Number of protein chains: 2
Amino acid sequence: MNISELGEFPLIERIGRRLPPYRNDVRVGVGDDAAVLEWDSDTYQLATCDIQVEGVHFLPESITPYQLGRRAAAINLSDIAAKGGIPQHCLVSLALRAELEVSWIESLYDGLREEIAGYGADIVGGNVSKTEGPIVVDLFLLGEVSREEVLLRSGASPGDVVLVTGWLGEGSAGLALVQQPDLPVAKEEGEQLLGAYLTPTPRVWEGRAIAQSRRATAMIDVSDGLSSDVGHICDQSGVGVRVWADRVPISGPTRRVAQLTGQVDWALAVQGGEDYELCFTVPQKAAQELAAEVEEATGTTVTCIGEVLPAEAGRWIQLPDGGEVLLKRGGWDHFAAGA
Amino acid sequence: MNISELGEFPLIERIGRRLPPYRNDVRVGVGDDAAVLEWDSDTYQLATCDIQVEGVHFLPESITPYQLGRRAAAINLSDIAAKGGIPQHCLVSLALRAELEVSWIESLYDGLREEIAGYGADIVGGNVSKTEGPIVVDLFLLGEVSREEVLLRSGASPGDVVLVTGWLGEGSAGLALVQQPDLPVAKEEGEQLLGAYLTPTPRVWEGRAIAQSRRATAMIDVSDGLSSDVGHICDQSGVGVRVWADRVPISGPTRRVAQLTGQVDWALAVQGGEDYELCFTVPQKAAQELAAEVEEATGTTVTCIGEVLPAEAGRWIQLPDGGEVLLKRGGWDHFAAGA
C-alpha cells in the first residue's frame, strides 16, 4: 500500500503507534498542533514545525518570496497560537536550487523575520541545503505557555459551544482567485482574499486572550478546514458536535467567490482549509462574555457556530433549512486522490 | 548573483546580518552547531535542525529507509553532541511522494526512533507533506546542557591543542565506495566504511565526557570536513591553527580507499566531510589527561592533531615531510560548483 492510498491522517496515526512511550516530561506528543513539553513548575514549552513545498503549498509565480516568508512564519505561529502560547524561537530549514537569486532568499528572510519579530520571537538558527527539485521552506518554532492556560484539542465536553475567530473561507476563496485570476471580483475584495490566502494573520493575540481567560476548554487552528479540524477536537475530546451552517462567519467577498465558482458558501467555508483562524470550545454560560472580551482585547470578531454533543450523538452540520448532514472530514489531506 | 556563485557560508553570513539583534535569552544564535538559549539559572536549551534531501544527501538506491532514518537522526544528534549537550526532544518534517510505500515510511521511522531513543530522546511531533520532487527528511532536535559545561566554537586560545575523536576520512571513504562499489576492498573493511558513511555514530557520550571535564575550550562536529570545521573554530575564536597531517587518525580501510582512488590519505581525511566526529580544543597541559579520560569513559580514541596559534600566525597544515600548506576550506559547500 502506498501513502496516497492510506491517506495523511491514518499515516500519522500509524507512525504515532510505532513510537515508544514518552518520557515523563512530554505532556502531549504527536497529534496536536504543537508538542507540549515540561519546562518548569509553572510553564510548558511548545514545539511545532510546518513545511512549505513548492508546487504543493505554493507556486513561485503566485507568491513573492517576501510573502512566502511571511506565510511560512504565520502558519507556524498559528500552531503556537492554537495552544494559547507565546512564540519565542524559530529555526529555518531551506532546500534551494543553486540558480536561485540571492535577492530572492533575502526577500524570503525579510518576510520570515518581520512576521516572526511581529510576535516577539527570534530566528536563532537553521540550515540551508541544495536541492534539484521543489523549494522547501521548513520552520521549527518554539513557544511557551503557562500550565494553567495551555489549551489542547482534548478538553471539550457536551454543554460547551464552538466559537471561531474572524471569517472562515477567505483562505479558500483567495486560493480560488490565485487559480482563476479572471474571476470578476472588485479589486479591493480580491486583495482582501488574496491577502488572507497568501499572508494569513496568525491569531497569536487572540489565542493569548482566550487562554488567559481560563474559560476555554479546547482549541485548534483551522488549517485543514473547519470540518476536519472540528473533527480533530471531537476525536481527541471524545465528543460529538453540531455546527450551524447559517452561523458560520462568511465575508461578502467570500460569498461572491462562492457564487462565481458555483459553490455553496457555507460549504466552501466549512470544507476549505488555509484559514488559520482559531476554533475553540467554551462552556455555554461563559461564551458570550469571553467572545466580547476577546473582541475588546484584539479587535477580532468571535462567532459562536455550534455546540458540543455527546460522542454518541454524532457530528452534524445543521443546514440553513433546518435539515442536517454528517460533518465529514472534507478539508486538506495532502495525499488524498486529487489533492 | 545566484546562490551557487555566492556559496553556502557567505549566504548564511549574509542572512545572519539581516536578522535583528536577539532578545536577551539567546546566548548563541545563527552560526554555531546549535542555538544556545536561556532555560533556567543552571541550564541552556540547545536547538538544531538538519535537512536531508534525496539526490543531494542520499540516493534511495544506496541507503535503506531504516539507514536513512538512523542517519538523519545521527546528524542532528551530532550537533547537540558538539555543544556537550543531552538530546531530549525531536520533531520530524517529511516531504514524501504519494506513491511511496507505507512500509518505506515505517522503516524510516524505525531508524529515526531507534537512533533517537538510543540517546534517551523522544520524537514528540512533526508533519508530513506531499512533494512531487525529492524526498526531504528534516529533523529538529532539542537538547540541554549545563551552563558551566556548554562548549561553543568561540572559546579556543593560542596555547590550546586540537583533538579529534575516532577516525577521520571514513565518511568520505564510505561515500567513495557508494559511488564506486567495484573498488577492490575486503568485505569487512568495506562494511566498516559504508557503516561510517551511511549510519555514522553521533559522539553524544564523548561530547558529554568532554564537556563535563570543563577543560575543553571550544568544540565542533566534523560534518563539513576538518579543514572547514577547524576553520569555523578559527573564525569564531579569532585564532590560527596548525594541523599536523601525520597525526590525523586514519584507519587502514580509509588508507586503502585513498590509495585505490588516487588520493593522498591525509588530504582525504582533512578535506572530506560526513565524519561526525568531534573536534575540540584544550589547553595543552590538560590534553593528555582529558584524552585518556574520554577514552576510558567511552572506549573511543582521542587524538591530538594540532595546535592553536594566534590569528596572525595563520592556518596551516604541516605535511609529513615538514613542509606547510595553507589550511583551506576544502569541505562540503552545498552550492559550490560541482558539489
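**Strands, the A–B interface and the core**

Okay, let's start in chain A: strand β4, residues 86–96, runs parallel to β5(A), and eight bridges join the two. When I say strand I mean a DSSP run of E of at least two residues, a helix is a run of H or I of at least four, and both are numbered from the N terminus. Pairing means that DSSP finds at least two bridges between two strands. Within that pair, A:Leu94 has A:Val128 in β5(A) as its bridge partner.

Quick housekeeping: this is a predicted model, so local features need pLDDT of at least 70 and side-chain atom pairs count only at pLDDT 80 or more, while totals for chains, interfaces and linings use all residues. Residues are numbered from 1 along each chain as its sequence is written, with chains lettered from A and ligands numbered from 1 in the order in which they are written.

Zooming out, β4 and β5 belong to an open, mixed sheet of six strands in chain A, ordered β1-β2-β3-β6-β4-β5. β1 (26–28) and β5 (122–130) are its edge strands, each pairing on one side only. On average, neighbouring strands here are turned by 25° against each other, direction ignored; axes are lines fitted to C-alpha atoms, for helices over the stretch in contact, and angles run from 0 to 180 degrees between N-to-C directions.

Over to chain B. β2(B) and β3(B) make a hairpin with two residues between them, and five bridges hold this antiparallel pair. B:Glu38 sits opposite B:Tyr44 of β3(B). β3(B) also pairs with β6(B), antiparallel again, over 11 bridges, and there B:Asp50 stands opposite B:Leu139. How many of the 11 residues of β3(B) are buried? It's 10, where buried means 20 or more other C-beta atoms within 10 Å of the residue's own, exposed means 12 or fewer, and partly exposed is in between, with C-beta atoms placed from the backbone.

Now the interface. 64 residues of chain B are in contact with 64 of chain A, contact being C-beta atoms, placed from the backbone, within 7 Å. β5(B) gives the most to chain B's side, with nine residues. That side has 36 nonpolar, 14 polar and 14 charged residues. Ala, Val, Leu, Ile, Met, Phe, Trp, Tyr, Cys and Pro count as nonpolar, Asp, Glu, Lys and Arg as charged, and the others, Gly among them, as polar.

Here's a cross-chain helix pair: the axes of α4(A), residues 102–117, and α2(B) come within 10 Å and cross at roughly 35°. The crossing is right-handed, so the near helix is turned clockwise from the far one by less than a right angle; anticlockwise would be left-handed. On the α4(A) side, the residues that meet α2(B) include A:Tyr109 and A:Arg113, and their counterparts in α2(B) are B:Leu11, B:Ile15 and B:Arg18. This contact divides into five nonpolar, no polar and four charged residues.

Last stop, the interior. The largest nonpolar core, meaning buried Ala, Val, Leu, Ile, Met, Phe, Trp, Tyr and Cys joined through C-beta atoms within 7 Å, has 217 residues. A:Cys90, A:Phe280, B:Cys90 and B:Phe280 have the most contacts inside it. Beyond four places in sequence, A:Phe280 touches residues including A:Leu151, A:Ile210 and A:Met219.

And A:Tyr197, in helix α6 (187–198) of chain A: why is it buried? Because it has 25 C-beta neighbours inside 10 Å. Its C-alpha is 6.7 Å from that of A:Glu274, 77 residues apart along the chain.

How values were computed. Contact = placed C-beta atoms within 7 Å.
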